[in-house]
Amino acid sequence: MEIVPSMRVFPGSPQPSFIEWSKFEIHGYSSEVMFLSTHTGTHIDAPSHFIPDSRTIDKIKVSRFVSRSILIKIPKKADQQITLNDIINCKINANDTVVFATGWEKRFKNDNYMINNPGLSLDA
């Protein structure tokens, strides 16, 4: 997703803003500061987002984000969970990156997009 000041964000999260930090005419270069939640647009959730006292994103080696990827297409509706039964026959190896395509991204303009999205069940 393109990050723009008017984009849809999770309720209660700040809208992204871009603040001019330096000007070419004064500093010899131009730059901006971005203010946004770490959960703005397309992002990666660290384990600490869901599990207290677990790893934050800065504690995960960057090499972990370059891996074999598995795309699993599982259509889901509002508040439906991806369960162990949905993925039990998928070949997922240790250190694979699993990407779930639920079709929910097609509902981006719907009012419930941010709060009723499909999720991963505990057993999955």
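The following exercises, each with a worked solution, concern a predicted model of a single protein chain.

**Exercise 1. Determine the order of the secondary-structure elements and decide whether the chain is as condensed as a compact globule.**

Step 1. The chain contains two helices and six strands.

Step 2. Read from the N terminus, these elements follow the order β-α-β-β-β-α-β-β.

Step 3. The radius of gyration is 18 Å, whereas the globule rule gives 14 Å for 124 residues; the value is well over the rule, so the chain is more spread out than a compact globule.

Step 4. Along the principal axes, the C-alpha atoms occupy a box of roughly 60 × 35 × 25 Å.

**Exercise 2. Classify the aromatic pairs of the structure by their ring geometry.**

Step 1. Searching the whole structure yields two aromatic pairs.

Step 2. In the pair W104 and Y113, the ring centres are 6.2 Å apart and the planes meet at 10°. Planes under 30 degrees apart count as stacked, so this pair is stacked.

Step 3. F108 and Y113 have ring centres 5.0 Å apart and planes at 75°. An angle over 60 degrees counts as edge-to-face, and this is the class of the F108 and Y113 pair.

Step 4. Taken together, W104, F108 and Y113 constitute one aromatic cluster.

**Exercise 3. Establish which members of this cluster are buried and which is partly exposed, and identify the residue that lies over the face of F108.**

Step 1. The cut-off for a buried residue is a relative accessible area under 20%. Y113 has 13% and is therefore buried.

Step 2. W104 is likewise buried, as is Y113.

Step 3. F108 has a relative accessibility of 25%, so it counts as partly exposed.

Step 4. R8 lies over the face of F108, at 6.0 Å from the ring centre.

**Exercise 4. Describe the largest nonpolar core and the contacts of I70.**

Step 1. The largest nonpolar core has five residues: I70, I72, I74, I82 and I87.

Step 2. With residues up to four places away in sequence set aside, I70 touches K91, D96, T97, V98 and V99.

Step 3. For the chain as a whole, 50% of the contacts between residues at least 6 apart in sequence join residues at least 24 apart.

**Exercise 5. State what share of the chain is buried and what share of its exposed surface comes from carbon and sulfur atoms.**

Step 1. Of the 124 residues in the chain, 19% are buried.

Step 2. The exposed surface amounts to about 9600 Å², and carbon and sulfur atoms supply 56% of that area.

Key. Residues numbered from 1 in each chain as written. Predicted model: local features only at pLDDT ≥ 70, side-chain atom pairs only at ≥ 80, totals over all residues. Heavy atoms only, no water. Phe/Tyr/Trp six-rings, centres within 6.5 Å; stacked < 30°, edge-to-face > 60°. Buried < 20%, exposed > 50% of the residue type's maximum accessible area, 1.4 Å probe, protein only. Lys NZ or Arg CZ within 6 Å of the ring centre and 35° of its normal. Helix = DSSP H or I, 4+ residues; strand = E, 2+ residues; numbered from the N terminus. Rg over C-alpha atoms; globule rule 2.2 N^0.38 Å. Contact = heavy atoms within 4.5 Å. Areas by Shrake-Rupley, 256 points an atom, 1.4 Å probe, with all protein chains shown as cover. Core = buried A, V, L, I, M, F, W, Y, C linked by side-chain atoms within 4.5 Å.
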